[in-house]
Amino acid sequence: MNPTICTQSLSKRFGSTVAVDNVDLAVPEGAIYALVGPNGAGKTTLIKLFMNILRPTAGGAQVLGMDAGQLTGACFNRIGYVSENLELPDGMTVGGMLDYFRGFYPNWDRALEQQLVRQFDLPLKRKLKHLSRGMRMKASFASSLAYRPSLIVLDEPFSGLDPLVRDELIEGLIERAPETTIFLSSHDLAEIESFSSHVGYLQQGRLLFSEEMTALSNRFRDVTITLSSPSPLPANLPAAWLEPQTADCVLRFVQSDFDEGSSPRELGRRFPSARDIAFEPMTLRQIFLAIAKSGRGAQGSAAHQGTAREKEA
Amino acid sequence: MNQILHIFSKDARRFWAEIFISLAITAAFVCIGAYLWLGKEDAQGQVLGVLAVLLAMLVPISWWVLITRAIHAERLVGDTQFWITRPYTWKNLLSAKLLFLVVFLYLPFFIAQCLLLVQAGFPPHLYLAGLLVNLLLLTGTCVLPLTALATVTSSFARLTLTLLGIFIGFIAVAAIAAFASNNQPAGMESHVGSRICFAIAALGFAAAIVLQYALRRVWLARGVLLALPVLMVATTFFASKYDQARMDHTYPVTQAAPLQLTYTPDPHSTSTSGFPASSRAMIPIDFRLTETGVGEGYATIPDAIRAQITAPDGSHWESEWQAMGWYRFLPGESHFTPGISMPMAVYNRFHSTPLKVHLDFAVTQAQAGRVTTLALPAQRFSVPEFGVCSGQTGWAPLWGQMTGINCVSALSEPPLTYVSTRWSDAACSALQGSDPEVLGTAWVGSLDREPAQIGISPVVESRVNLSNNQIENTPGGKSRYLCPGTPITFTQYTAIRRTQTSIEIQGFTLPQLKVEGNQITITQ
């Protein structure tokens, strides 16, 4: 199956600043792909590159089988794009905007439009410039979903929204999921975890890993080893052990290459005097915090393993 | 096409207020634009005349707003606009904006121009070519630059600041040029250069617009716009050099000169002129000449002068062709004082010795054509192939008396025409059968007419500055009168050949020059 979005060594520089650095990414068809990373990581730039809003400095991308550089005009009949920074035609009413956009899309679904208007409780007669941020985002969602795009790209769609609006948008999005591929960037990890199928982590322009959400959850464990006597932090710990720390008889770290079959045995051999070894599953938030806090070397290892596993898959 | 109309109708709905204001300004200009050329001297006429001038300025300002709003509705600068990830095609978007300009800018303006022509007494269908040329000129000098600037700016405020910057830059360059060209000779007007400059500017602006719509590469488009002034200055420079080089071809030397020149110095007549001193100062050198030999039915017009100066020691200086003033010679003898500008360094080299001066004149010989003589009507009157004229009435105590005539023509100045009539020193009511005796003459128009000269108003006022219009030739002197019924003659001339004529002056000494502080005074 061809990936819906595919990038090869995609890079973007702004002067001496590297915003996106050699990113190889593949988003499978039908996936809900969440691109996460701290502020300034390059998420928006990466999206703008494969949406042909910005031109790459190096590398290339394909979207829906088309070269991203050729993505213009009718290509956008199949792509929905919503961004927190997107400027809407503020002088128009919500209804006016939907009427206007309807004229561009041959596959615009009027019934779906009306359903989305009801679902998002959109005030059709109010001008966009008079809407709250949440309402503007909902209007933007409705105008990008009503033509049943094959790909929906969302750039920080939930940023700054209240939980109620967020839930409404996520609900609207999940309803479209069976018929489309969704790519979204966010640092709102809790929401993403609940519905994303794939996740990628971008830091300082580099994609540290990109893999299925279940695979990611399976390979990260919060490991607590209770030793029989107080012990300093052992030397030469594996790079895949993030944030190692000791307190009295307890050694804690985040294992980024956990394997249910081999990891307990391996740790048992390494710490023969351990009284207890506990493996706790981690939330997405905990995983990203661990990655973000850990050193560059450890991250490299995490990234390496993620990429390796993805290749195997 | 659907997408073009879709975007167009959106813009039309969205900018109805701007469109309404622009149309209202254009309509108001049509209503009172005639006061630009009617020359009514009463208070109401003067107020409406000022209002018409204001409206003539407001029309392009309303275009500026209209163009900016339309282009910025889908602005091309930035990466957060809603439309760049929608199924717009750049050709449709650009076409929609052009359609918007055609419908709400060009069409109303074209209609307004036709209505103004009708008001002035010119049937518009006879001037379609000129109307279209005027639209083309306005497109190149106003619409395209504004559109191009709108495509490379992100908001009305930024465009306004950009225009302000360009305006200040233009003034600064003009000031520097004026300072640098202290008393420089008037260059030959280069039709080739100005046409190439216009073409370069229009193409450059159009290229920037298309580049922006097709690629949205702001700095590339800005680069094209920034390169334009440089290209235009270079073109002007090279075109003037080309024209200088072509002068002998344009004005070939022939055996039969259309006029004879003699040097007629008058030691009792002197004139004094002053100008700021500088190392770049150009010294004006005048030559008192007499011309004869213009044939009956002809006029001769000197267009340019070139001087070659040779000193007794053999040292030599030759000027470039320099444009001449408004001399027009008819049969008979007349005196005139052409001049050349000489660099200060050359003056210093030659001023102490008698010189041999060879003057070349580039002249155009024109032949009289249509002659229209009519008894001066009290009301507006039409002169075939010239324009529409009307009497100019003066203030009290001349109230109701004709003290001159105003003429207008459609889209461009009339063909070169010699106007002659007779003045009366007394009020016309007191004339009682005797004919007025003082001759009043004027040259109006041009030999090299364009189909249209750029303007918001399609009606061009041609000033008929009749000679001898005052009894005493002093400021505020008493006016003479033009009486209804007095014969007035319009003689049109057309160029038939261009050639050169020359004169050699022996023992010419350069005028005395006095430098006081930073002022040069020259007496000759």
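Which residue in strand 13 of chain B does Ser390(B) stand opposite? Keep that one in mind; the tour gets there in its second half. One thing before you start clicking: this is a predicted model.

**Stop 1: strand 7 of chain A**

Select residues 151-155 of chain A, which make up strand 7. Four of these five residues are buried, so the strand is largely enclosed by the rest of the structure. Hide a few things around it if you need a better view.

Now add residues 79-83 of chain A, which are strand 6. Strands 6 and 7 of chain A run parallel and are joined by five bridges. To see how they line up, click Val82(A): it stands opposite Leu154(A) in strand 7.

Next, bring in strand 8 of chain A, residues 181-186. This strand also pairs with strand 7 of chain A in the parallel sense, again over five bridges. Here the pair to click is Asp155(A) and Ser185(A), which stand opposite each other.

How does helix 5 of chain A fit in? Select residues 163-176 and you have it: together with strands 7 and 8 of chain A, helix 5 makes a right-handed β-α-β unit.

**Stop 2: helix 9 of chain A**

Move on to residues 284-293 of chain A, which form helix 9. Colour its buried residues: Leu284(A), Ile287(A), Phe288(A), Ala290(A) and Ile291(A). They cover an arc of only 160° around the axis, which puts them on the same side of helix 9 of chain A. Try looking straight down the helix to check this for yourself.

**Stop 3: a sheet in chain B**

Switch to chain B and look for four strands in the order 11-12-13-16, forming an open sheet with antiparallel pairing. The edges are strand 11 (381-383) and strand 16 (459-464) of chain B, each pairing on one side only. On average, neighbouring strands of this sheet are turned by 35° against each other, direction ignored.

Zoom in on strand 12 (residues 387-393) and strand 13 (residues 402-410) of chain B, which are antiparallel and joined by six bridges. Here is the answer to the opening puzzle: Ser390(B) stands opposite Asn406(B).

Then show residues 90-120 of chain B, which are helix 5 of that chain. This helix lies across strands 12, 13 and 16 of chain B, and runs at about 35° to strand 16.

**Stop 4: where the chains meet**

Finally, show both chains. The contact takes 14 residues from chain B and 21 residues from chain A. What is on chain B's side, by class? Four nonpolar, six polar and four charged residues touch chain A.

Conventions. Residues are numbered from 1 along each chain as its sequence is written. Chains are lettered from A and ligands numbered from 1 in the order in which they are written. This is a predicted model: local features need pLDDT of at least 70, side-chain atom pairs count only at pLDDT 80 or more; totals for chains, interfaces and linings use all residues. A residue is buried if 20 or more other C-beta atoms lie within 10 Å of its own, exposed if 12 or fewer, and partly exposed in between; C-beta atoms are placed from the backbone. Helices (H or I, at least four residues) and strands (E, at least two) are DSSP runs, numbered from the N terminus. Two strands pair if DSSP finds at least two bridges between them. A crossover is right-handed if, with the strands pointing away from the viewer, the path from the first strand over the helix to the second runs clockwise. The arc is that of the directions from the helix axis to the C-beta atoms. Axes are lines fitted to C-alpha atoms, for helices over the stretch in contact, and angles run from 0 to 180 degrees between N-to-C directions. Two residues are in contact if their C-beta atoms, placed from the backbone, lie within 7 Å. Ala, Val, Leu, Ile, Met, Phe, Trp, Tyr, Cys and Pro count as nonpolar, Asp, Glu, Lys and Arg as charged, and the others, Gly among them, as polar.
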